[in-house]
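Q: Could you go through this model with me? I have it open and would like to ask a few things as we go.

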Amino acid sequence: MSILSNLDLIRRVPLFSTLNQAQAESVAEAVVKRRFKRGDVVVEQGKKSNFLAIVLTGRARVLTTDARGREVILATLNPGDYIGEMSLIDNQPHSATVRAEVQTDVLILGRLEFARCLPENSSMAYAVMKGLVQRLRHADRKIESLALMDVYGRVARALLEFASPEQDGQLVIRERVSRQDVAKMIGASREMVSRVMKDLEDRGFIEMAPDGSTIIKERLISLG
């Protein structure tokens, strides 16, 4: 299998899709591909990294930790998502840690190159702003969930976020759902999440398949 050039990789990243040929070539010369193993920290809460990292393959978790070492999962990043733009824009330390959940390949673009790209391409600047708005909306939903929903509603919303539609429209979580991860997402204990998920299964809101995947029934949407 041929090895993709930096320019080929740039062309596959939605954030850079509006760059013209000269701009794409300039970015391709500036980026560096880097691989993170499972558990590696991409950026760390409270520190500065001075780069933008674009996920090419794999998956990473956005986490925040309190003074007692307790973790809360804020989001999951997939290919096409990017990391560190907030810190580059306001020159403040990262507000959260991003850790590779599986082996993850990213493209690294330094601060100077990132700053040069924005004024040269208004579409890219708009894409960055759109991404920031999406994160703000996600944060609003999480705040609403924690403030207004009971544990059943918060578990339901977390499961819906994990799920992806199949060709027949059925929502399915292909990978085994970690009760601990759900607990970190919604601010509940692992034991409580396990009890709620068992009850949701018994009542027909979800179905556990033999291969470990979780089938989401349409009625779960009413809870989340």
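Q: What do the buried residues of α7 pack against?
A: This is a predicted model, and in it the buried residues of α7 pack against two strands, β4 (60-65) and β5 (71-77), and also against the helices α5, α6 (151-162) and α8 (190-202).

Q: And which residues of α7 are buried?
A: Helix α7 covers residues 179-186, and its buried residues are D181, V182, A183, M185 and I186.

Q: What follows α7?
A: Helix α7 is followed by G187, a residue whose phi is positive, with a value near 75°.

Q: OK, another topic: at what angle do α4 and α5 pack?
A: Helix α4, residues 111-120, packs against helix α5, residues 122-148, at an angle of about 110°, and their axes lie 5 Å apart. Because of that angle, α4 counts as roughly perpendicular to α5.

Q: Which residues make the contact?
A: On the α4 side they are F114, C117, L118 and E120, while α5 contributes S122, M124, A125 and V128. Divided by type, the residues of this contact of α4 with α5 are six nonpolar, one polar and one charged.

Q: Now the sheet: in what order do the four strands of the open sheet come?
A: The order is β1-β8-β3-β6, and the pairing in this open sheet is antiparallel. The edge strands are β1 (32-36) and β6 (82-83), each of which pairs on one side only.

Q: How many bridges join β1 to β8?
A: Five bridges join β1 to β8, the strand at residues 104-110, and these two strands run antiparallel. As one example of the pairing, R34 has V106 in β8 as its bridge partner.

Q: Stepping back, how many helices and strands does the protein have?
A: The secondary structure of the protein comes to eight helices and 12 strands.

Q: Does its size suggest a compact globule, or what does the radius of gyration say?
A: For 224 residues, a compact globule would be expected to have a radius of gyration near 17 Å, and the protein has 19 Å, which agrees with that expectation. Taken along the principal axes, the C-alpha atoms fill a box of roughly 60 × 45 × 30 Å.

Q: Last ones: what share of the residues is buried, and what share of the contacts joins residues at least 24 apart?
A: Buried residues make up 39% of the 224 residues in the protein. As for the contacts, of those between residues at least 6 apart in sequence, 65% join residues at least 24 apart.

How values were computed: Residues numbered from 1 in each chain as written. Predicted model: local features only at pLDDT ≥ 70, side-chain atom pairs only at ≥ 80, totals over all residues. Heavy atoms only, no water. Pairing = 2+ DSSP bridges. Axes fitted to C-alpha atoms, helices over the stretch in contact; angles between N-to-C directions. Parallel < 35°, antiparallel > 145°, perpendicular 65-115°, else oblique. Contact = heavy atoms within 4.5 Å. Nonpolar A, V, L, I, M, F, W, Y, C, P; charged D, E, K, R; others polar. Rg over C-alpha atoms; globule rule 2.2 N^0.38 Å. Buried < 20%, exposed > 50% of the residue type's maximum accessible area, 1.4 Å probe, protein only.
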